[in-house]
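User: I am new to this structure and would like to understand its interior. Could you take me through it in questions and answers?

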Amino acid sequence: MRRQLNSIGRLGPDDIQVDQVERLLQEAGTDWDRRGHRFAVLAEAAAPSTFARSWRLRRPRGADPLVFDAWVQLVRGRQAGGMEDARAAAECCYRAADAHPADPAPWVVLLGILRLMRAESRELFAVWAEVTARDPWNREAYLQMLRYLSPEECGSRSSQLDFVDTLRASAPPAAPVVGVELTALVDEYTRTTAKGGVEALMARRQWTQIRAAGALDTALITWPREGRLRHAAALADLNLLAYAAVQAGRVREAGDTFRMIGDTVTAWPWSLDGDPLQQFAYWQAKALT
C-alpha cells in the first residue's frame with residue numbers, strides 16, 4: 001500500500017487506489033489506535049504525491065479524506081519546518097470532526113498542527129481534552145504533547161517530567177502510550193549528547209539513574225513477551241527499546257527484543273546515529289551473537 005501511494009504522485013489516484021485506502025481505514029472500525037496508526041503510516045507514504053488532495057476533491061464531505069489531507073499537510077510541514085496553510089489544514093480537521101464526532105483523529109491532527117505553529121498552551125490543552133475524551137491513551141497525541149512540552153519547543157525538562165509522571169501513575173501497563181516514558185528518556189539522552197564536551201562524554205550515566213534504569217528494566221523484562229504489546233505501533237516501541245538498550249550499554253539484554261522486531265526497522269530512533277538499517281543490523285547482530 002505504501003509503495004502504491006508513493007507511486008501515484010505523477011498521475012493521481014484511480015478508483016482502485018481510493019477504494020483500497022478507504023477499505024483499509026474502514027476495516028479498523030472504532031479501534032482508534034489501529035485506525036490512527038494507519039492514517040499516520042499512509043500519510044507519511046502519500047506526502048510526496050497528490051493523492052490526498054485528489055481524494056478529498058472526490059469526496060469533499062467525507063471525514064476520512066478531510067483528515068487524511070490535513071495529516072499529509074502536517075507531514076509536509078514537519079519536513080519543511082512550517083506549513084504553507086495551517087489554517088486551511090485546521091479547517092479540514094474541524095469539518096472532519098463535525099462529520100464524524102466520535103473519531104479522535106481530526107483532533108490528533110489539529111494537535112500536531114498547533115504544536116508546529118508553537119500555539120499557546122491553552123489552545124493545545126483544549127484540543128488535548130477533545131482527543132482524550134474520545135481515546136484516553138492515544139499514542140500519537142501523547143507523543144505530540146511530550147514534544148510540545150520539551151525545552152526545545154514550548155516547555156521545559158521539568159514540564160516533560162511532570163507529564164511523564166502523571167502518565168506513569170495512571171496508564172494501564174500495556175496501553176498504546178507505554179513507550180512515551182522511554183521516548184522522553186531517549187530525547188533527554190539525545191539532548192545531552194548534542195551539547196558535546198564533557199556532558200556528552202558522560203551522557204551514558206543517565207541510563208544508570210533510578211528513573212531511567214527502572215524504566216529500562218521494566219521494558220526489557222515485559223515488552224518482549226509474546227502478546228504483551230498489542231497496540232498498532234508495538235514494533236516501533238520495540239525498536240525504541242532496542243535503541244535505548246544499546247545506548248545504555250545493555251546490548252545483550254536486548255536479545256529478545258531484537259528477535260521480536262525481526263526485520264521491521266523504524267527510521268527513528270536509529271537515524272539519530274546514522275543510516276537506520278545499518279545501525280539496526282549492526283546492533284541486532286551484536287545482541288544475537
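The exchange below concerns the nonpolar cores and the enclosed space of this predicted model.

User: Which helix gives the most to the largest nonpolar core?
Analyst: The largest nonpolar core has 55 residues, and those touching the most other members are Phe68, Trp71, Val109 and Ile113. Nine residues of this core come from one helix, which spans residues 63-80. The helix that gives the most is helix 5.

User: With which residues is Val109 in contact, leaving aside its neighbours within four places in sequence?
Analyst: Val109 is one of the four residues that touch the most other members of the largest core. Once the neighbours within four places in sequence are set aside, its contacts are Val67, Ala70, Trp71, Leu74 and Cys93.

User: How many residues are in the other core that lies apart from the largest one?
Analyst: Among the members of this other core are Val178, Leu240, Ala244 and Phe280. In total, the core holds 31 residues.

User: Which helix gives the most to the lining of the largest cavity?
Analyst: The structure holds one cavity of 30 Å³ or more. Helix 10 (157-170) and helix 11 (180-195) each supply at least two residues of the lining of the largest cavity. With five residues, the one that gives the most is helix 11.

User: How many residues of the lining of the largest cavity are charged?
Analyst: The lining includes Arg157, Glu181, Glu188, Arg191 and Arg211, and Asp, Glu, Lys and Arg count as charged. Beside four nonpolar residues and one polar residue, the number of charged residues is five.

User: What space lies in the largest cavity?
Analyst: Rolling a probe the size of a water molecule over the atoms shows where empty space is left. For the largest cavity, this space is about 70 Å³.

Conventions
Residues are numbered from 1 along each chain as its sequence is written. This is a predicted model: local features need pLDDT of at least 70, side-chain atom pairs count only at pLDDT 80 or more; totals for chains, interfaces and linings use all residues. Side-chain values use heavy atoms; hydrogens and water are left out. A nonpolar core is a set of buried Ala, Val, Leu, Ile, Met, Phe, Trp, Tyr and Cys residues joined through side-chain atoms within 4.5 Å. Buried means under 20% relative accessible area, exposed over 50%, partly exposed in between (1.4 Å probe, protein chains only). Helices (H or I, at least four residues) and strands (E, at least two) are DSSP runs, numbered from the N terminus. Contact means heavy atoms within 4.5 Å. On a 1 Å grid over the protein atoms alone, a cavity is a set of points where a 1.4 Å probe fits but cannot get out, and a pocket is an open set with protein on both sides within 12 Å along at least five of seven lines; lining residues have an atom within 4 Å of a point. Grid points are joined across faces, edges and corners, and a volume is the space filled by probe spheres set on the points.
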